[in-house]
Amino acid sequence: MKHPSTLRGPHGKLGVLLPGLGAVATTTIAGVLLARQGKGQPVGSLTQMGTVRLGKRTEKRSPKISEVVPLAGLDELEFGGWDIFPDDVYEAAAHAKVLEAQHLDAVRGEMQAIRPMKGVFYPGYVRRLHGTHTKTAATKADMVEQVRSDIRTFKRDRGCERLVAVWCGSTERYITASGVHESIASFEDGLRKDDPTISNAQIYAWACMKERVPFANGAPNLCVDFPAAWALARECHTPIAGKDFKTGQTLMKTILAPGLKARMLGLRGWYSTNILGNRDGEVLDDPDSFKTKEVSKLGVLEHILHPGTNAELYGDFVHKVRIDYYPPRGDAKESWDNIDLFGWLGYPMQLKVDFLCRDSILAAPVVLDLALFMDLAARANFQGTQEWLSFYFKSPMSAPGLYPEHDLFVQLTKLKNTLRWMAGEEVISHLGTEYYAA
Ligand SMILES: NC(=O)c1ccc[n+]([C@@H]2O[C@H](COP(=O)([O-])OP(=O)(O)OC[C@H]3O[C@@H](n4cnc5c(N)ncnc54)[C@H](O)[C@@H]3O)[C@@H](O)[C@H]2O)c1
């Protein structure tokens, strides 16, 4: 990435396009509308509440992130999106049952005004859903053109200067990159031939990149993490990021595992199980969608613990992840972790975590931050994979041949150093020897 010597300011409105207006998207939108009116605080959002230390500790400079880099303000955001069901955002939020009536009613009118554009829905990628509010097209290539036309119409009608997109749609079935995903030409040929390994999410992402709309993937399915997408992102000078919002259990895992590793405590096994009862849980009840999520969740420990370099501590641990759809819980997920670890002379210990969380409450600030940081990235002329945003993802994309960084604290350091670097401030190494010089 080149240093953004000309970081453009956030002038005008920023359109935030969310394919998939379900629990996460509607909770994000409601939260932003409430925060604008001072009726709720955007807790969990770095862009709204985070600070960044600048210079030496003795300088005592820790401004808010929004004072260090030029971010779009909440008042400048204009939301839109697609769904395969026709409910407006208020109805969809009421159906998702994340927020209480007192919150939804305070922004009812604004939420009702946001109606989904018809979704791209080739069945089979999300088997548990049977969409009714869907587009038809002769080929997948024509479908891309329809989405591009939606994007342009939205931008014009809402008077937006810039757009970003964050995929908040359901988790699609497990697909691995194949020949069709190798190059722009092979992908476009695949679009014309309705290749079955090109999913709905990939169609939205392709349309966004073609329109130079930065695109972040919040779900674990294959979407912008293959060579053709990397090439198109470069060609269109568009930032891309993914994948799978880091919330709940994996967030905790990437907080705890670096701690065990830092103190050289060994691991024999990590068993994780979840119950959740929202639509996401219902979709993940299908083995093919679960497989996508499982792969995304399983990579985390290996990349934090590096079994290859510490075989005596991490060479032989068992890692299991389970998700069970349990409707009574709705969005209030509960996740349990049983961690079998060992210490001095190999003596065994156990650690149990019971996290009674709320999935969409944890995901909403991630969506907001990604929208604002992806817009910042575009204005800084960054293109392709935005590894500095790994902080937000369970399965972060990284350059080919580079292992992804999963440790939350390394990710945060990288994010804040990128912001310092963008702002022309010194990056901080935390070495600190100057304080003790003779
Ligand atoms: N909530 C979290 O903590 C969290 C964490 C990581 C990832 N995610 C992922 O974020 C996504 C959204 O989660 P959610 O809880 O809002 O799920 P949800 O089921 O409430 O919402 C998903 C929405 O996407 C729509 N949809 C499905 N296919 C579509 C298509 N082709 N085009 C347009 N819309 C489509 C569905 O109709 C639904 O309204 C899921 O993929 C989930 O796995 C969520």
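**Exercise 1. The four-stranded sheet**

Which order do the strands of the open sheet of 4 strands have, and what is the pairing?

*Solution.* This is a predicted model: local features need pLDDT of at least 70, side-chain atom pairs count only at pLDDT 80 or more, and totals for chains, interfaces and linings use all residues. Residues are numbered from 1 along each chain as its sequence is written.

Step 1. Fix the terms. Helices (H or I, at least four residues) and strands (E, at least two) are DSSP runs, numbered from the N terminus. Two strands pair if DSSP finds at least two bridges between them.

Step 2. Read the order. The open sheet of 4 strands runs 8-7-9-10, and its pairing is mixed.

Step 3. Find the edges. Strand 8 (318-325) and strand 10 (348-356) each have a single partner strand, so one side of each has no neighbour in the sheet.

Step 4. Take the twist. From one strand to the next it averages 10 degrees. Axes here are lines fitted to C-alpha atoms, for helices over the stretch in contact, and angles run from 0 to 180 degrees between N-to-C directions.

Step 5. Look at one pair. Strand 7 (residues 266-276) and strand 9 (residues 334-342) are antiparallel, with 9 bridges. Trp270 has Ile339 in strand 9 as its bridge partner.

Step 6. Add the helix. Helix 13 (residues 287-305) lies across strand 7 and strand 8, at about 150 degrees to strand 8.

**Exercise 2. The seven-stranded sheet**

Describe the open sheet of 7 strands, then follow strand 2 through its partners.

*Solution.* Step 1. The order is 3-2-1-4-5-6-11, with parallel pairing. The edge strands are strand 3 (117-118) and strand 11 (384-385), and each pairs on one side only.

Step 2. Strand 1 and strand 2 run parallel and are joined by 6 bridges. Leu17 stands opposite Gly80 in strand 2.

Step 3. Strand 2 (residues 77-83) also pairs with strand 3, parallel again, over 2 bridges. Trp82 has Met117 as its bridge partner in strand 3. Asp83 stands opposite Lys118 in strand 3.

Step 4. Why is strand 2 called largely enclosed by the rest of the structure? Because 6 of its 7 residues are buried. A residue is buried if 20 or more other C-beta atoms lie within 10 Å of its own, exposed if 12 or fewer, and partly exposed in between, with C-beta atoms placed from the backbone.

**Exercise 3. Two helix crossings**

Compare how helix 1 meets helix 15 with how helix 8 meets helix 10.

*Solution.* Step 1. The axes of helix 1 (residues 23-36) and helix 15 (residues 359-379) come within 8 Å and cross at roughly 70 degrees. That makes the two helices roughly perpendicular. Angles under 35 degrees count as roughly parallel, over 145 as roughly antiparallel, 65 to 115 as roughly perpendicular and the rest as oblique.

Step 2. The contact of helix 1 with helix 15 has 8 nonpolar, 4 polar and no charged residues. Ala, Val, Leu, Ile, Met, Phe, Trp, Tyr, Cys and Pro count as nonpolar, Asp, Glu, Lys and Arg as charged, and the others, Gly among them, as polar.

Step 3. The axes of helix 8 (residues 184-192) and helix 10 also come within 8 Å, and cross at roughly 110 degrees. Helix 8 is thus roughly perpendicular to helix 10. Ile184, Ser186 and Phe187 of helix 8 meet Ala228, Ala231, Leu232 and Glu235 of helix 10. These residues divide into 5 nonpolar, 1 polar and 1 charged.

**Exercise 4. Helix 9 and Asn217**

Is Asn217 buried or exposed, and what covers the buried residues of helix 9?

*Solution.* Step 1. Asn217 is in strand 5 (residues 215-217). Asn217 is buried, because 31 other C-beta atoms lie within 10 Å.

Step 2. Leave aside neighbours within four places in sequence. Asn217 is then in contact with Trp167, Ala205, Cys223, Val224, Gly242 and Lys243. Contact means that two C-beta atoms, placed from the backbone, lie within 7 Å.

Step 3. Turn to helix 9 (residues 200-210), where 10 of the 11 residues are buried. Ala205 is one of the buried residues. The cover includes strand 1, helix 7 (140-157), strand 4, strand 5, helix 10 (227-235) and strand 6.

Step 4. Arg212 follows helix 9, and its phi is positive, near 60 degrees.
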